[in-house]
Amino acid sequence: MLAHEALDSQAGLETAETTSRRSGLHLHGLKKLFKEQVVLDNLNIEMARGELLTLLGPSGCGKSTTLNLIAGFIQPDAGRIILHGKLANQLPPQKRRLGMVFQSWALFPHMTVFENIAYGLHNRKLSNYEIAGRIEEMLRLVRLPGTGEKFPSQLSGGMQQRVALARALVTEPELLLLDEPLSNLDAALRKEMEVELKRIHNQLKITTLLVTHSQEEALVMSNRVAVMQNGRITQVATPLEIYNQPKTRFVCTFLGDANIFEGVVESKDKGVTVVRTNNFSVMVADDNDRLQTGGRAILGLRPENIEIDTTDARTADNAIPAVITDVIFKGSNITYYLRAGEQVILVLTLPSMSESPHSEGQQVRLLFPKSSPLILEDDEESDEGEDV
Amino acid sequence: MSDLSPAIDQAATPIQELRARPTQWGALVAPMLVLVFIFFVIPILYLLRMSFAEQAFAKSVVPIFGVYSLENFAEIFGDIFFLDMIVNSLIVGTGTVVATLLISYPIAYYLTLTRGWERTLILVACLLPLFVNIIVAVLGWYILLLPFGVIQNMLSALGLIDGPLGALKSFWALITVLTYEHIPFAVLILAASLQNISPDKINMARVLGSGVYRTFLTIVLPLTMPGVVATVILVFALSISSYLVPALITGQQVMVLPIAIFSYTSYLLNWTLAAAISLILLVIVAGITFGLTILANRLTRRGEWEIV
C-alpha cells in the first residue's frame, strides 16, 4: 500500500495506463466521501479481460458506490477510473460504453421488449434489418425468443431479468456491471439464473463486475471474489481459495459458516503451535509462521471439517470433549450445536443411512487434524486493504 | 372447533367479503350517488332542456312538451360574434395550458431533484398563492398591469416603451393571470408524476448512451404523460370556464364564454341562449378531455403496458 501511495505520481499513472491496456477495468486509489464520511477508501481493482469478478460484502460496505463510480453516476473524491485503457474520470455515463443490470432491472415500462433492447443501439448506425437481427440473436441467447412484441409488465420476474440482461449485452459492452441482479427473484429462480448468467458469461467472455451480498452467488459465478468491508477490499482470491484460506475473521464468517476460537499462543514447536482458549487448547499447523508465542490468535474452523466421535477409539491431533445441545436435521445434512465449556461449536455432518444421528445431551469428542483450523487476522489489523 | 373456522375465514378479509357482495359494496357509494344526482345530473338535464327551448320562453319557466327547437344554436353558429367568442375562449384556454406547462414542468422537475430546505421553499412558494383569495391576487395583478401601473412605469423608465401599455385589456393579461392561478396545481400534479420515475430508469438510459435530451424525450416525458394530460385537462377546464379572472382583468374587452353566459343571464335576460352557450362550453371541455386522454393513451400505448 505504501509503495502505491509513493508511486501515486507520474510514474504511477504510466504503469497504471500500460497495464490497463490489457485489463478491462482499473480502479486506482479510489476514494469517496459522503458528508465527510469515508465510504470508499483507497480502493484498487484491476480486472483482466473476460474475467468475472465479484464484489462481495454486507450492505453499506461501499460496493454499490464503487459500481456507481464506475458507471459515472457519481464522481470520486480521489483516484482514477481507467476503462478500456483510458482515463474515464471525466466521462459522462453515456460515453463509457458499459452494459449494466440494476437490482430493479429498470426496464422501460412504456416500451416493448424489442424497443427496450434496441434502446442502446440508436447511435450505432445500424439498419433496421441489422437491429432486428441483433435483437433476435439476443433474445435467443437469453432464451426468450418470440417475446419482442410484449411489454415488460406482461412478463414474469425471471423473464424481465433476462430482458434487462439482453439490453445490457446487445451493445457489446467492454465491461458489464451487474448490481445485485438476482436479489429480486425467488430462491429457485435465482439458482437457475446464477447458472444461466455463468453460461452467458462463458459464451460471450465479457469482462463482468458483479456486486452482491449473497455468498452463494459469489461462489457459484465468479472467477475471483473480492470481499469488501467498510469501504475497503479485505481479500481477493478465487472462490475456492477464499473459502479455504480466508485472511480475516470477517471473510471467514461472511463466506460460509465458521467456528471462531480466540486464544493465546502457548507454545511453538516444529510446525505445531498450541493455542490456548478459555475453554480448551487447539493444535494448529502454522506453516507460514504467522503466530508468535504469547501473542493473540484467532482461529476459524469450518463446521464440515469437524468429526463427532462417540467411541473414544479414534485419535486425532485435536480431540475436544463437548456436549450436544441441539440437533437440526436439514435433509442433505445435519447441523449439531455443541458446547465445550463456554464455547458454542457448530458441526455439519452428512446423514448416513445406517446410523441414526447423535442425540441431544450426549457426551462426545470433537476430532479435527491440526491442519484444519484457519489462522485469521483480526478485522482491525487488516486496515490497509488489499489491491485486486 | 368446526363451527369456529368459517367465522375466522370470513373475518380475515373484510374487503374480499364486500367484493363478494356487491349490494353492500354499493351501499357505501349510494349517498355519493344521491348527492351527484341532485346537484349535478338534475341541473345538467335542466340546462340541456333549456338550451333546446324556443327563445319565446327565454324569460319564463319552460313547459315540458312541444317547445323545443335548434333556434338558440342556429343563432350562435350563425353569428360571427358568437363564433369569435368561442375562438377567444379556446385561445385563452390553450394559451394558459401551454404557458402553465412550460413554467411548471421545469419547476416540478427541479423539485424532484432537491431535498431539504430548498424543496420546502419551492413547495411553500407553490402552495402559498392558494391561500390567497383569487380576488385579492387578481387585484395585485390589476395594479401591476394597469395603464400607468407598475409594469408600464417600469418599462417606460427603462425606455423600452413609449406611451401607455395596452396590457391590461389584452389576451396576454388574461393568460398571464390564469397561468399564475393554475401553476400550483400543475406543479403538484407534475411533481407527483415525476417522482414516480425511478432514478434507475434515467441512469439506465444514460448508460445505454442517451444524452440529456434523448433521455428526456424517450423516458421522462412518456412516463410523465399521465401527469401532463391530467394537468392539461385540469388547467384547460378551469381556465376556459373561469369567470372571475376575465371579469376583473379584461371585462368585455376579451369576450369569452363565461362572460357572455353571465351577460345573457343577468342583464340581457335571455336564459335559453345562455343555456345553449353553457352547453357549448360543456361540450368543448368534455370533448377536449376525452380527446386528449385517448390521444395520449394511443401515443404512449398506455393501455397495453400499464398494470391497472
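Which residue in β17(A) does A:Ile324 stand opposite? The legends below walk through that spot and its surroundings in this predicted model.

**View 1. A:Ile324 and its partner across the strands.** Look across from A:Ile324 and you land on A:Leu338 in β17(A). The wider setting is a pairing of β16 (residues 318-329) of chain A with β17 (residues 334-340) of chain A, which are antiparallel and share 6 bridges.

**View 2. The turn that links β16(A) to β17(A).** These two strands make a hairpin, with 4 residues sitting between them. Check A:Gly331 in the turn: its phi is positive, at about 90°.

**View 3. On to the next strand, β18(A).** β17(A) also runs antiparallel to strand β18 (residues 343-349) of chain A, and 7 bridges join the two. One pair to pick out is A:Tyr336 with its bridge partner in β18(A), A:Val347. Here the hairpin leaves 2 residues between the strands, and A:Gly341 in the turn has a positive phi of about 65°.

**View 4. Zooming out to the domains of chain A.** The domain assignment splits the chain into domain 1 (2-248) and domain 2 (259-301 + 303-371). Taken over C-alpha atoms, the centres of domain 1 of chain A and domain 2 of chain A are 40 Å apart.

**View 5. Where chain A meets chain B.** On the chain A side, 18 residues are in contact with 19 residues of chain B. What is that side of chain A made of? Its residues that touch chain B comprise 11 nonpolar and 7 polar ones, with no charged residues.

Methods: Residues are numbered from 1 along each chain as its sequence is written. Chains are lettered from A and ligands numbered from 1 in the order in which they are written. This is a predicted model: local features need pLDDT of at least 70, side-chain atom pairs count only at pLDDT 80 or more; totals for chains, interfaces and linings use all residues. Two residues are in contact if their C-beta atoms, placed from the backbone, lie within 7 Å. Ala, Val, Leu, Ile, Met, Phe, Trp, Tyr, Cys and Pro count as nonpolar, Asp, Glu, Lys and Arg as charged, and the others, Gly among them, as polar. Domain bounds come from an automatic or database domain assignment. Two strands pair if DSSP finds at least two bridges between them.
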